[in-house]
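Here are some notes for a colleague who is opening this structure for the first time. They are set out as numbered points, and each can be checked against the view below.

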Amino acid sequence: MRAFSQLLDGLVYTRSRNAKLALIADYMRDAPDPDRGWALAALTGDLSLPAVKSAAIHAIVDERVDPMLFRMSRDYVGDLAETVALIWPKRIDQPAEIDDGSLTLSAVIDRLSKLGRAEAPAALGEMLDHLDASGRFALLKLATGGLRVGISARLAKTGFAQAFGLDVDAVEEVWHALRPPYAELFAWGQGGERPDPRGTPFFRPFMLAHPLEEGTVDLADYAAEWKWDGIRVQIVGTGGDVRLYSRAGDDITATFPDIAAAAQGIDAVLDGEMLVRGEAQGAAEHGGSAASFNALQQRLGRKNVSARMLADYPAFVRLYDLLIEGEDDLREQAWEARRARLEAFAARLDADRFDVSAVIGARDFEDLAETRAGARDAAIEGVMLKRRDSPYVAGRRTGLWYKWKRDPLTIDGVMMYAQRGHGKRSSFYSDYTFGCWSDEGELLPVAKAYSGFTDEELKWLDSFVRNNTLNRFGPVREVEKKLVVELAFDSVHDSKRHKSGVAMRFPRIARIRRDKPPEEADTIATLRKLIS
Ligand SMILES: Nc1ncnc2c1ncn2[C@@H]1O[C@H](COP(=O)(O)OP(=O)(O)OP(=O)(O)O)[C@@H](O)[C@H]1O
């Protein structure tokens, strides 16, 4: 437990990605089994323990900690686990160094996984008594579920891979077939056999695209498809089971039971875009019948999907690649060959739930550019270009796939609030909230933007904020409503969370409009007209 808690401490206090990786790799190399496997599960978010409710922690706190001290520290520290770890009192009969190293991470996990609700406070109290402050922090983080120490699952896997000289994508490939504490994975790292995930539906890392910055491609070498505005999904069917994986490799089968059911029985790995049926604005001309991202968003992140949801927002997948069919791994083959196999395969699937992303017919690049410029379908984000002879490779490989996004939408907003940034920007007011005018003539926030300006402009914006502050509340400054900025964004949607009723996707600053008076900034009504 001591080594694990030191690792968490290190991760909390380290900003640099490489330093974090080194900490994880060192730990993975040196810690004993099965502790390091449990640690890996905790770091990747794959450890599922019955979370101890914060009520249980409050119960032990009431019993053991001075309430005044708790309240003050909580206000100061914020996080419950961190607060309790800090102020937990030692008993008088205890030696100064409580954590003698005998309490292992595995023992803690075992204990937590069997903990009943009634016994939780006493058992936690007893464990806390045996740990130092870092250990207590680690224990309480594990107990409350979710470490939140600023690392992603991918970073944890990369650290593991680095420790044993493995390729992280190769680790990703077998990951979903294994369960914590990943004995087979560590055996592989130490020179053993690569775990064989056959018979288990498991995720393969996705092929990604580079932006087509400038220049053109020859359409004799590249095929063009629309870039659909949904979420990437991999459908894996083996041994009668079907799993759906997101871009990050998360299992999203439970969120899309309609798709999983329709894919039942396939023996293949398919790649495509999850969308929701509907007629997005202008859809018909491009094979359409997809709603905008707004509709899909209603389905995302849900575990228990009601029948109503399924009926109101029916999902379907627009397929664009076939990685594996039966025993045939097609990834080494050319895109064109895979595409032919995909079309034949998809013809056997339920047409309500699956279609194939059409190849855009264009005479040449200019013709394609014209078609792209004229595309009004709100479910389209731009164009994808795929080299006809390219294999399917994980990650972004120059020259194989390009994304060529549509020009962004723009609107003029007025700066309302500003906050300091992070890291290199922590001494600048670099994070801004912008508003547009309501029908009643009130300025309402519509977007937060922190990018799109040069270093020079940042300095200018920072001093604008400092010289035009009306009020301060906490870290936020309210500024005089007089600076107009042109905001670029990818799309705009209805939003119940914002008073303005709208939310933008990927807003950024396109231009500072010092020439424009705030009264002439755009209205929310204008913004609403751009809702897709
Ligand atoms: N026809 C298509 N072929 C491949 N990818 C597509 C297609 N239509 C939409 N996409 C989406 O585009 C993404 C490819 O772009 P990229 O590799 O840059 O990923 P990204 O970082 O998610 O990009 P972005 O944030 O620009 O959508 C895929 O992850 C996928 O979700």
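1. The face of helix 18 that is turned away from its buried side carries the exposed residues Asp455, Glu456, Lys459, Ser463 and Asn467. The model is a predicted one, and this helix is a convenient place to begin reading it. On the other side of the account, the buried residues of helix 18 are Leu461, Phe464 and Val465. They lie on the same side of helix 18, because the arc that they cover around the axis is only 95 degrees.

2. The length of helix 18, which runs over residues 455-467, can be checked in a simple way: at 1.5 Å a residue its 13 residues should span 18 Å, and the end C-alpha atoms are 18 Å apart, so the two values agree. As for what the helix rests on, its buried residues pack against strand 13, strand 14 (429-437), strand 16 and strand 17.

3. Some of these strands also pair with one another. Strand 16 (residues 469-473) and strand 17 run antiparallel and are joined by four bridges, with Asn471 standing opposite Glu478 in strand 17. The two strands form a hairpin with two residues between them, and in this hairpin Gly474 takes a positive phi near 55 degrees. Strand 17 (residues 476-479) is also joined to strand 13 (residues 409-420), again in an antiparallel run, by two bridges; here Ala418 has Arg477 of strand 17 as its bridge partner.

4. A separate point concerns an open sheet of four strands, whose order is 2-12-10-3 and whose pairing is mixed. Its edge strands, each of which pairs on one side only, are strand 2 (210-211) and strand 3 (222-228). Strand 3 pairs with strand 10 (residues 380-387) in the antiparallel sense over seven bridges, and one partnership to look for is that of Ala223 with Lys386 in strand 10. When following such a strand by eye, it helps to recall that in a regular strand the side chains alternate between the two faces of the sheet.

5. Which strand gives the largest share of the shell around the ligand? It is strand 3, with three residues. The residues around the ligand include Glu225, Lys227, Trp228, Arg232, Arg247, Tyr320 and Met384. By character, the residues of the shell divide into six charged, five nonpolar and one polar.

6. Helix 3 (residues 35-44) deserves a look as a covered element, since 10 of its 10 residues are buried and it is mostly covered. Among the buried residues are Asp35, Arg36, Trp38 and Leu43. The buried residues of helix 3 pack against helix 1 (2-13), helix 2 (17-30), helix 7 (105-113), helix 9 (133-144), helix 10 (153-164) and helix 12 (183-189). After helix 3 comes Gly45, whose phi is positive, near 80 degrees.

7. Is Gln190, found in the loop between helix 12 and strand 1 (207-208), buried or exposed? Gln190 counts as exposed because it has 10 C-beta neighbours inside 10 Å, where the cut-off for exposed is 12 or fewer. Gln190 and Arg29 lie 161 residues apart in sequence, while their C-alpha atoms are 9.6 Å apart in space.

Terms used:
Residues are numbered from 1 along each chain as its sequence is written. This is a predicted model: local features need pLDDT of at least 70, side-chain atom pairs count only at pLDDT 80 or more; totals for chains, interfaces and linings use all residues. Two strands pair if DSSP finds at least two bridges between them. A residue is near a molecule or strand if its C-beta atom, placed from the backbone, lies within 6 Å of it. Ala, Val, Leu, Ile, Met, Phe, Trp, Tyr, Cys and Pro count as nonpolar, Asp, Glu, Lys and Arg as charged, and the others, Gly among them, as polar. A residue is buried if 20 or more other C-beta atoms lie within 10 Å of its own, exposed if 12 or fewer, and partly exposed in between; C-beta atoms are placed from the backbone. Two residues are in contact if their C-beta atoms, placed from the backbone, lie within 7 Å. The expected span of a helix is 1.5 Å times one less than its number of residues. The arc is that of the directions from the helix axis to the C-beta atoms.
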